[in-house]
Amino acid sequence: MSCENQHRFTEKDIPDLSGYVIIVTGGNSGIGFETTKQLALRNARVYIASRSEERVAKAIQEMEQSVGQKLDLHFLKIDLQDLKSVTDAAARFMQQESRLDILINNAGIMMSPFSLTVDGFESQWQINALAPQIFSMALFPILMQTASDANSRDRVRIINVVSDLAFRGPKTIQLDDVNMSNAKGMMELMQRYSHSKQAGIRLAAEMNNRYGDFGISAYSLHPGIVRSNLQSSDPTIGAYNSLFCATSPMAAAVGRGKYFIPVGKLDPVAEPWINDKAHNEQLWNHCEAQLLRVSKRT
Ligand SMILES: NC(=O)c1ccc[n+]([C@@H]2O[C@H](COP(=O)([O-])OP(=O)(O)OC[C@H]3O[C@@H](n4cnc5c(N)ncnc54)[C@H](OP(=O)(O)O)[C@@H]3O)[C@@H](O)[C@H]2O)c1
């Protein structure tokens with residue numbers, strides 16, 4: 001079954017989201033900003049998970065001014081460069097809220113020069129791949145509870161915003177050196193970005209394999225080329241694929257665990273990665289080991 005007919009999906013197709021609680025990482029800027037605004041306009045309560053309360057307050061003010069109404073928007077402090085901050089954010093959220101319907105792992109950096117985080121990981125790997133996965137895993141208790149209370153197995157969703165540049169990097173995940181410390185040359189930074197985005201595709205597939213039957217489905221997507229802080233076209237259109245994967249019944253009907261290109265189209269190019277169960281499990285285990293390590297830290 002194809003979902004080619006969904007290519008005209010726009011914000012008008014978002015259903016009413018009253019009663020939904022949603023987290024959008026990086027919702028203060030670019031694609032995340034537009035994604036957050038559209039979800040909140042459909043009556044969802046949306047948490048913008050970001051490292052800067054000031055930038056989030058400004059973003060909320062801009063969103064409310066642009067639509068001329070108050071929106072149910074909140075700040076959740078998180079710094080993806082620090083895994084302890086990630087697990088702390090999940091714990092804080094679970095103290096504040098009793099449900100989480102949708103998690104959109106949107107925040108990311110692109111082509112940043114090599115640097116190591118406090119956790120010892122190359123920054124693109126950690127911010128784009130490892131930290132979002134650890135955030136998802138740390139939020140599983142509330143996601144599972146929400147899924148078990150839901151009448152539908154399609155309501156609770158995790159969305160990984162990746163990139164079609166994922167296919168310009170290594171053919172598989174370099175589990176023996178996730179930092180790709182040996183990558184050199186002009187394409188070094190791109191290779192690491194691509195590698196981190198490949199992980200987002202594989203982890204969404206594995207998440208769906210493990211938790212789909214419990215009512216948590218996962219998706220990965222390329223937003224398109226969008227003017228934002230990272231790139232120099234319209235962020236609203238750039239948010240469509242995230243909004244499609246997060247809210248459309250069609251996404252769940254045709255693409256649980258799959259990779260989507262704009263808007264709402266399955267791209268078979270990712271299938272070898274999506275079906276590479278053995279390697280995806282190893283990648284999952286790598287992330288889980290980091291979650292355990294951080295959880296033991298006080
Ligand atoms: N724009 C494109 O054409 C394009 C194409 C393909 C894929 N993508 C993907 O789409 C997603 C959104 O990109 P965008 O273009 O909207 O970028 P953007 O405007 O630069 O937004 C990136 C967001 O990520 C946040 N972020 C960065 N580092 C963080 C950290 N350590 N902790 C917490 N948040 C952090 C930023 O927060 P601050 O404001 O605090 O920096 C910002 O809110 C990214 O995953 C990107 O890879 C974009």
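The following paragraphs lead from the overall dimensions of this predicted model to its helix packing and then to individual residues.

The protein chain has 298 residues, and a compact globule of that length would have a radius of gyration near 19 Å; the value for the chain is 18 Å, which agrees with that expectation. Along the principal axes, the C-alpha trace spans about 50 × 45 × 40 Å. The secondary structure comprises 10 helices and eight strands. Of the 298 residues, 51% are buried.

Helix α4 is a suitable place to enter the structure. This helix covers residues 123-138 and bends by about 35° at leucine 130. A proline, proline 132, follows the bend within four residues. Helix α4 is mostly covered, as 16 of its 16 residues are buried.

Two packed helices are described by the angle between their axes and the distance between the axes. The partner of α4 considered here is helix α10, which covers residues 277-296. The axes of α4 and α10 come within 10 Å and cross at roughly 70°. An angle from 65 to 115 degrees counts as roughly perpendicular, and α4 and α10 are therefore described in that way. The crossing of α4 past α10 is right-handed. On the α4 side, the residues that meet α10 are Leu130, Gln133, Ile134, Met137 and Ala138; their counterparts in α10 are Cys287, Glu288, Gln290 and Leu291. Leucine 130 thus appears both at the bend of α4 and among the residues that meet α10.

Helix α10 also packs with helix α6, which covers residues 188-211. Here the angle is about 100° and the axes are 9 Å apart, so α6 and α10 are likewise roughly perpendicular to each other. The contribution of α6 consists of Ala199, Arg202, Leu203, Ala205 and Glu206, which meet Asn280, Glu281, Leu283 and Trp284 in α10.

Alanine 205 of helix α6 merits a closer look. It counts as buried because 26 C-beta neighbours lie inside 10 Å, and the cut-off for a buried residue is 20 or more. When residues up to four places away in sequence are not counted, alanine 205 touches Gly257, Ile274 and Asn280. Asparagine 280 is also one of the α10 residues that meet α6. In addition, the C-alpha atoms of alanine 205 and alanine 218 are 6.8 Å apart, although 13 residues separate the two in sequence.

Serine 163 lies in the loop between β5 (156-161) and α6. With 24 C-beta neighbours inside 10 Å, serine 163 counts as buried. Leaving aside residues up to four places away in sequence, serine 163 touches Lys197 and His222. The C-alpha atom of serine 163 is separated by 6.8 Å from that of leucine 221, which is 58 residues away along the chain.

The backbone deserves attention at several further points. Most residues other than glycine have a negative phi, and most peptide bonds are trans. A cis peptide bond, with omega of about -25°, joins proline 262 and valine 263; valine 263 is placed in the loop between β7 (259-261) and β8 (265-266). Asparagine 43, in the loop between α1 (30-41) and β2 (45-50), has a positive phi near 80°. Methionine 111, in the loop between β4 (102-105) and α4, has a positive phi near 55°. Asparagine 43 counts as partly exposed, with 14 C-beta neighbours inside 10 Å; methionine 111 also has 14 such neighbours and counts as partly exposed.

Terms used. Residues are numbered from 1 along each chain as its sequence is written. This is a predicted model: local features need pLDDT of at least 70, side-chain atom pairs count only at pLDDT 80 or more; totals for chains, interfaces and linings use all residues. The bend at a residue is the angle between axes fitted to the seven residues ending there and the seven starting there. Helices (H or I, at least four residues) and strands (E, at least two) are DSSP runs, numbered from the N terminus. A residue is buried if 20 or more other C-beta atoms lie within 10 Å of its own, exposed if 12 or fewer, and partly exposed in between; C-beta atoms are placed from the backbone. The radius of gyration is taken over C-alpha atoms; the globule rule is 2.2 Å times the number of residues to the power 0.38. Axes are lines fitted to C-alpha atoms, for helices over the stretch in contact, and angles run from 0 to 180 degrees between N-to-C directions. Angles under 35 degrees count as roughly parallel, over 145 as roughly antiparallel, 65 to 115 as roughly perpendicular and the rest as oblique. A crossing is left-handed if the near helix is turned anticlockwise from the far one by less than a right angle, and right-handed if clockwise. Two residues are in contact if their C-beta atoms, placed from the backbone, lie within 7 Å.
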